[in-house]
Amino acid sequence: MIDLINVSKAYRAGEMLVPVLNGVSLNIHKGDFIAIMGPSGSGKSTLLNIIGCLDTLDRGVYQFSGQRIDLLGEDELTHIRLRHMGFVFQMFNLIPRFNALRNVELPMIYAGVQPPQRMQRAANSLNLVGLRDRMYHVPAKLSGGQQQRVAIARALVNDPDVIIADEPTGSLDTRTGHDIMTLFQSLNRAGKTIVMVTHEDDIAAYAKRVARMKDGVIEKITYN
Ligand SMILES: Nc1ncnc2c1ncn2[C@@H]1O[C@H](COP(=O)(O)OP(=O)(O)OP(=O)(O)O)[C@@H](O)[C@H]1O
Ligand SMILES: [Mg+2]
């Protein structure tokens, strides 16, 4: 489903070009659950953002379901993001004044889903992550783990092909982090492809494979 071939990326810092990815090749098939690990600054988030069409590569090839992503413009990338990707971030990124239901509805508003169907699907998605009785709560009235579940419900609501998660347990206590991983694992068993960045070995242990990055390359991939 995801094919990266010799991907390179550098950021401009004033006069300097700072290389961040130095020839990354990675193949992720449908149904995979892969954790990306590595030291701070090794390029994990940059790689994840390229996979999620949030950032673009400088050199190399990115194919998603056979389509050349590296050749697309901003509008087409937005479309791919909306239809095919679901995002989960460390800080949840929920809208504070919206209740859980409205937060989960948001990607469907962008996708042009009509209100009655939107509410139904948002409610189903919240139900799936175990928040049926918290639908009308705003984020401030929810625990960190519950907020991350809302974010996961939001990520799922357009039925994406892949879940892109950057340190999804990074702001959670150990126990809650494991609960979120149990949810990821059940989503993966139901067929969702998951690409996740984490710093923690015991979180990466939930994935099927672990890719280790260093200095902008993938050093090795191991199977759990
Ligand atoms: N938008 C940007 N502009 C300039 N430099 C950037 C940008 N984003 C990332 N970088 C640089 O690219 C390098 C890799 O960053 P990246 O966020 O991919 O690392 P990471 O592996 O996710 O690190 P962490 O574990 O700390 O999250 C870092 O040196 C960072 O400073
Ligand atoms: Mg990062």
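**Exercise 1. Which are the residues around ligand 1?** Sort them by element and by class.

*Solution.* A note before we start: this is a predicted model, in which local features need pLDDT of at least 70 and side-chain atom pairs count only at pLDDT 80 or more, while totals for chains, interfaces and linings use all residues. Residues are numbered from 1 along each chain as its sequence is written, and chains are lettered from A and ligands numbered from 1 in the order in which they are written.

Step 1: list the shell. Around ligand 1 we find Y11, A13, V18, V20, G38, S40, G41, S42, G43, K44, S45 and T46 (near means a C-beta atom, placed from the backbone, within 6 Å).

Step 2: assign elements. At least two residues each come from β1 (2-13), β2 (16-28) and α1 (44-51), and α1 gives the most, with three residues. Helices (H or I, at least four residues) and strands (E, at least two) are DSSP runs, numbered from the N terminus.

Step 3: sort by class. The shell has four nonpolar, seven polar and one charged residues (Ala, Val, Leu, Ile, Met, Phe, Trp, Tyr, Cys and Pro are nonpolar; Asp, Glu, Lys and Arg charged; the others, Gly among them, polar).

**Exercise 2. Describe how helix α5 packs on α6, then on α3.**

*Solution.* Two packed helices are described by the angle between their axes and the distance between the axes.

Step 1: take α5 (residues 144-156) and α6 (residues 174-189). Their axes come within 10 Å and cross at roughly 20° (lines fitted to C-alpha atoms, for helices over the stretch in contact, with angles from 0 to 180 degrees between N-to-C directions). The two are therefore roughly parallel to each other (angles under 35 degrees).

Step 2: find the contact. G144, G145, Q148 and I152 of α5 meet T176, D179, I180 and L183 of α6 (C-beta atoms, placed from the backbone, within 7 Å). Three nonpolar, four polar and one charged residues make up this contact of α5 with α6.

Step 3: turn to α3 (residues 100-110). Its axis and that of α5 come within 7 Å and cross at roughly 30°, so α3 and α5 are also roughly parallel to each other.

Step 4: find this contact too. A100, N103, V104, L106 and P107 in α3 meet V150, A153 and R154 in α5. Here the contact of α3 with α5 divides into six nonpolar, one polar and one charged.

Technical notes. Angles under 35 degrees count as roughly parallel, over 145 as roughly antiparallel, 65 to 115 as roughly perpendicular and the rest as oblique. Two residues are in contact if their C-beta atoms, placed from the backbone, lie within 7 Å.
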